Amino acid sequence: MDIHYHEAGTGEAVIFIHGSGPGASAWSNFQRNLGHFSQGYRAIALDLPNFGKSTKLSVPIDRVWAYYASVVADFMTALGIDKAHLVGNSLGGGISLKVAMDYPDRVGRLVLMGSAGGVPMFSALPSEGMKHLFDYYEAPGPSPEKLRAFLNVMIYDTSELTEELFAERYEASIDPEIVANPLFTRSRMPSIDVLVGNLPKVTHRTLLIWGRDDRTVTFDSSLILLRMLPDARMHVFSQCGHWAQWEKAAEFNVLVSGFLGTSAD
């Protein structure tokens, strides 16, 4: 398959893995971060298969985490990267966890934002944001109205949503190959059991980042990760939704750079 990616800078590799919303891609998720990290790292953000400009295919929903983890590991090998820090948002956070579980020696540190892999302790399932995600490709199919409703749930301050961002996401979401093989729908929901059941095995130093006002992977989902990951710490942004790396980019960039640059002692 073909994997499209953005790369800048030199040094230790940091790989950014995006989420699963309609029209999602490496650039849509991390355009406010790559420039900062390229100043001290080899910063790489890839379009996962079935997203962005990468190959479109039907991803096996019964092993979605293992499949994408193997893609990331093979991608690293193709680029000559033995080990990398992983920064994952939502779906990308769950994939980052699975890479750490299946290929532990290839992962340095983990940064997980609004990540899959936890279980909400108080909030109902599916969340408001997940309902929009699962319904997007259901009949009668994608529409501008559906996308606008989805994006309005993703962030806290909706005035940040530009018409340019909306247009880019919508055009990407209606790619015929993606419409033919949407990753998640009401009848295609991934199980997170394989992630939750193996969290204690992830001994990598981990930074959890959450938006207090996340309406997609709600804040209470983070508590299981904080409790079960052996070496985790957490930062919570107020007035922030599901895209912490986008909504709080300046603070996020400094926070994560500090975490990746600190001694392991």
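**Helix α3 and the internal spaces of the model**

In α3, the buried residues are Val64, Trp65, Tyr67, Tyr68, Ala69, Val71, Val72, Ala73, Phe75 and Met76. That picture, like everything below, comes from a predicted model. The helix itself takes in residues 64-78, a run of 15. From its first C-alpha to its last, α3 reaches 21 Å, which sits close to the 21 Å expected at 1.5 Å a residue.

As for what surrounds it, the buried residues of α3 pack against four strands, namely β1 (5-8), β2 (13-17), β3 (42-46) and β4 (84-89). They also pack against two helices, α4 (91-102) and α9 (193-196). After α3 comes glycine 80, with a positive phi near 75°.

Helix α3 falls within a stretch that carries a label in the records: an unreviewed UniProt entry annotates residues 13-249 as "domain: AB hydrolase-1". Over residues 13-249, helix makes up 37% of the chain and strand 15%. The C-alpha atoms at the two ends of that stretch are 20 Å apart.

Now for the enclosed spaces. Two cavities of 30 Å³ or more turn up in the structure. The largest has a volume of about 150 Å³. Its lining consists of 17 residues, and those nearest the centre of this cavity are Ser20, Gly21, Phe51, Tyr137 and Ile178. Sorted by class, the lining of the largest cavity contains 11 nonpolar and six polar residues, with no charged ones.

The second largest cavity comes in at about 110 Å³. Here 16 residues form the lining, and Ser20, Gly21, Phe150, Met154 and His242 are the closest to the centre. Ser20 and Gly21 thus appear in the central set of the largest cavity and in that of the second largest cavity. Two elements, α5 (128-135) and α6 (144-154), give two or more residues each to the lining of the second largest cavity. The largest share is that of α5, at three residues. In class terms, the lining of the second largest cavity splits into six nonpolar, nine polar and one charged.

On to the open spaces. The largest pocket holds about 530 Å³ of space. It is lined by 26 residues, with Leu125, Met130, Phe134, Pro190 and Ile192 lying nearest its centre. Helix α5 shows up again here, giving the most to the lining of the largest pocket with three residues. The class count for the lining of the largest pocket is 16 nonpolar and 10 polar, with no charged residues.

The second largest pocket has a volume of about 310 Å³. Of the 18 residues in its lining, Ser25, Gly52, Lys53, Glu168 and Ala172 lie nearest the centre of this pocket. Helices α1 (26-30) and α7 (163-173) each supply at least two residues of the lining of the second largest pocket, and α7 has the largest share, with five. As for class, the lining of the second largest pocket has five nonpolar, seven polar and six charged residues.

Charge is a handy way to set these linings side by side. No charged residue lines the largest cavity, and none lines the largest pocket. The lining of the second largest cavity includes one charged residue, whereas that of the second largest pocket includes six.

How values were computed: Residues are numbered from 1 along each chain as its sequence is written. This is a predicted model: local features need pLDDT of at least 70, side-chain atom pairs count only at pLDDT 80 or more; totals for chains, interfaces and linings use all residues. Side-chain values use heavy atoms; hydrogens and water are left out. UniProt positions are given in the numbering used here, feature names are shortened, and annotations may be inferred rather than shown by experiment. The expected span of a helix is 1.5 Å times one less than its number of residues. Buried means under 20% relative accessible area, exposed over 50%, partly exposed in between (1.4 Å probe, protein chains only). Contact means heavy atoms within 4.5 Å. On a 1 Å grid over the protein atoms alone, a cavity is a set of points where a 1.4 Å probe fits but cannot get out, and a pocket is an open set with protein on both sides within 12 Å along at least five of seven lines; lining residues have an atom within 4 Å of a point. Grid points are joined across faces, edges and corners, and a volume is the space filled by probe spheres set on the points. Ala, Val, Leu, Ile, Met, Phe, Trp, Tyr, Cys and Pro count as nonpolar, Asp, Glu, Lys and Arg as charged, and the others, Gly among them, as polar.
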